[in-house]
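Colleague: Please take a close look at one part of this model for me, the pairing and packing of its strands and helices. I'd like it as one connected story.

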Amino acid sequence: MQAAELLELERFFTPAELAEYHALIDADLAERPWAPLAGPQHLAFESEADVVGFGGAAGGGKTDLACGTALNQHQVIQIFRREGTELNAIIDRLAEIVGHRDGLGGKPPVWRKPGGKARLIEFCSAPNLGDEKKFQGRAKDLLVIDEAANFLEQQVRFLMGWVRTTDPGQRTKTLMTFNPPTSAEGRWLIAFFAPWLDKKFAGPGGRAAPGELRYVAVIEGKDVWVPDGRPFVVIGGQRAVDFDPAQYAAAHIITPQSRTFIPSRITDNPYLVGTNYMATLQSLPEPLRSQMLLGDFEAGMEDDIWQVIPTAWVEAAMARWVDRSPKGEMMSMGVDVARGGRDDTIIATRHRTEHHALYFAPLIAVPKDQTDDGDKCAASVLVRRRDDAPVNIDVIGVGASPYDSIKRTGAQVYGVNVAEAPSRTADRTGRLTFSNLRTDLWWRMRELLDPTYDTGIVLPPDQALLAELCAPRWKLVGKQIQVESREEIVKRIGRSPDRATAVILAAIDVPKLAALNVARGRGEVMTYDPLAQTYDAPLMDYDPLVGM
């Protein structure tokens with residue numbers, strides 16, 4: 001029952017009943033040091049989801065929800081902020097609620113028996129990728145990730161792995177509070193809470209209502225949205241429909257996890273509505289105003305000035321995408337081979353359609369156990385190859401073996417070593433040079449997406465691809481452009497840009513072998529120019545990245 005309804009009922013109480021009613025409320029509050037506000041905060045507080053996302057706008061009561069949930073519902077709690085100095089406000093608010101600081105001490109701070117149900121609250125931070133591993137094995141029944149948009153996805157998922165309890169009467173929960181991300185690094189939250197935050201979500205059940213429970217299975221480190229919470233069997237990374245007992249040794253039972261998201265705004269917090277904070281939020285410049293006042297996840301995010309590819313350019317290319325069947329002639333394939341861990345082998349295919357010369361189909365993720373040797377990886381690529389499309393594959397490290405296997409079949413394949421010298425002497429302006437082939441290829445993708453050149457490139461609406469294309473930074477040393485390495489990107493965003501790499505490889509404009517043979521038969525000799533998209537060349541073993 002909402003607070004307004006209770007107040008309405010009080011009019012019908014006798015004085016004795018009203019006194020008894022208030023005494024019961026006082027007794028309840030004595031047992032519970034904090035009570036949620038009616039509306040979104042109460043909905044999040046009472047949610048039975050395993051993972052609760054709460055927020056969307058500034059002033060919606062995120063910190064109070066974290067404090068109240070910890071004190072009222074849980075025993076062992078870890079509260080995280082990305083930077084340790086940011087924890088002071090949470091500690092101060094908890095002290096205000098319980099009225100003391102007894103039992104608080106240590107560095108990092110630990111609070112023993114602060115009040116309510118809580119027995120232990122740890123205040124933690126993880127400013128750098130890898131810091132989260134310090135908390136490995138530290139069980140907690142409540143994990144709070146405050147301002148989750150400031151964290152790397154890899155950090156949060158690791159910490160979630162230790163949310164557990166041995167008390168059968170204690171439920172466990174992960175609570176993430178956040179405003180709309182203001183940079184590309186925080187975009188992972190949109191995919192993590194896709195049914196609520198991604199307007200193009202087309203998974204089971206379609207778009208979700210605030211507070212509605214949805215279920216997600218994590219299969220080999222990847223989220224798969226499923227219709228309900230019933231456990232199911234996975235064999236070889238795929239959901240098994242008909243389970244053969246003979247496959248028991250290779251089978252895994254997956255229990256889906258429930259998630260929900262509840263948006264909140266300053267208007268849901270009566271303690272702030274009448275203050276100057278509302279005016280402060282209203283005076284912010286756009287898009288910050290829409291993000292912080294309205295909780296608008298679609299409002300523009302601020303790009304780093306050294307971001308290689310502006311976010312708006314990628315979003316425009318994805319907005320042009322429509323599902324086509326048939327997709328048109330396949331012009332090339334890009335393959336980024338799984339390097340281990342949770343990585344998949346990613347295959348990108350570029351097509352020529354009636355209206356677009358640069359149409360990219362949805363990316364194909366092949367589980368690493370299906371591509372863990374050269375021949376298996378080659379087979380995974382070749383069964384998806386059409387129209388004699390050239391295959392461009394990253395040959396650094398694990399990519400060398402599948403390159404050799406594909407080459408033995410006679411298929412047209414090019415090994416791309418991004419550490420080598422650039423294939424162009426300068427960018428399109430003719431003024432800037434490149435430090436290596438990696439920089440050259442990333443800059444080509446930037447030029448393809450640049451609306452100034454009007455290439456009409458079409459990319460599939462893939463949030464992970466968007467985040468990866470917008471991840472790299474660059475710097476200028478003299479006249480030379482230098483794009484940061486894959487290792488530097490992994491350190492900053494917590495994952496390898498495999499999807500972006502596959503698309504960039506597929507974007508390399510390679511003449512097909514048939515065109516090479518026709519030109520050779522005519523005795524023609526032409527210089528291949530990847531930027532001019534010349535499709536004829538005289539030699540079958542021509543390498544488009546280094547020239548003739």
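Modeller: Two strands count as paired if DSSP finds at least two bridges between them. Strands are DSSP runs (E, at least two residues), helices likewise (H or I, at least four), numbered from the N terminus. The model is predicted, so local features need pLDDT of at least 70 and side-chain atom pairs count only at pLDDT 80 or more, while totals for chains, interfaces and linings use all residues. Numbering starts from 1 along each chain as its sequence is written, and side-chain values use heavy atoms, with hydrogens and water left out.

Now the sheet: it's open, made of 3 strands in the order β20-β22-β21, with mixed pairing. β20 (433-434) and β21 (474-477) sit at the edges, each pairing on one side only. Look at β21 next to β22 (residues 480-483): the two run antiparallel and share 4 bridges. One residue pair to click on is Lys-475, whose bridge partner in β22 is Gln-482. Helix α15 (residues 437-449) packs on this sheet and touches β20, β21 and β22 (contact being heavy atoms within 4.5 Å). The direction of α15 makes about 90° with that of β22 (axes are lines fitted to C-alpha atoms, for helices over the stretch in contact, with angles from 0 to 180 degrees between N-to-C directions).

For a helix-on-helix case, try α13 (residues 374-382) and α14 (residues 400-408), which pack at about 60° with axes 8 Å apart. On the α13 side, Gly-374, Asp-375, Cys-377, Ala-378, Val-381 and Leu-382 make the contact. They meet Ser-401, Pro-402, Ser-405, Ile-406 and Arg-408 of α14.
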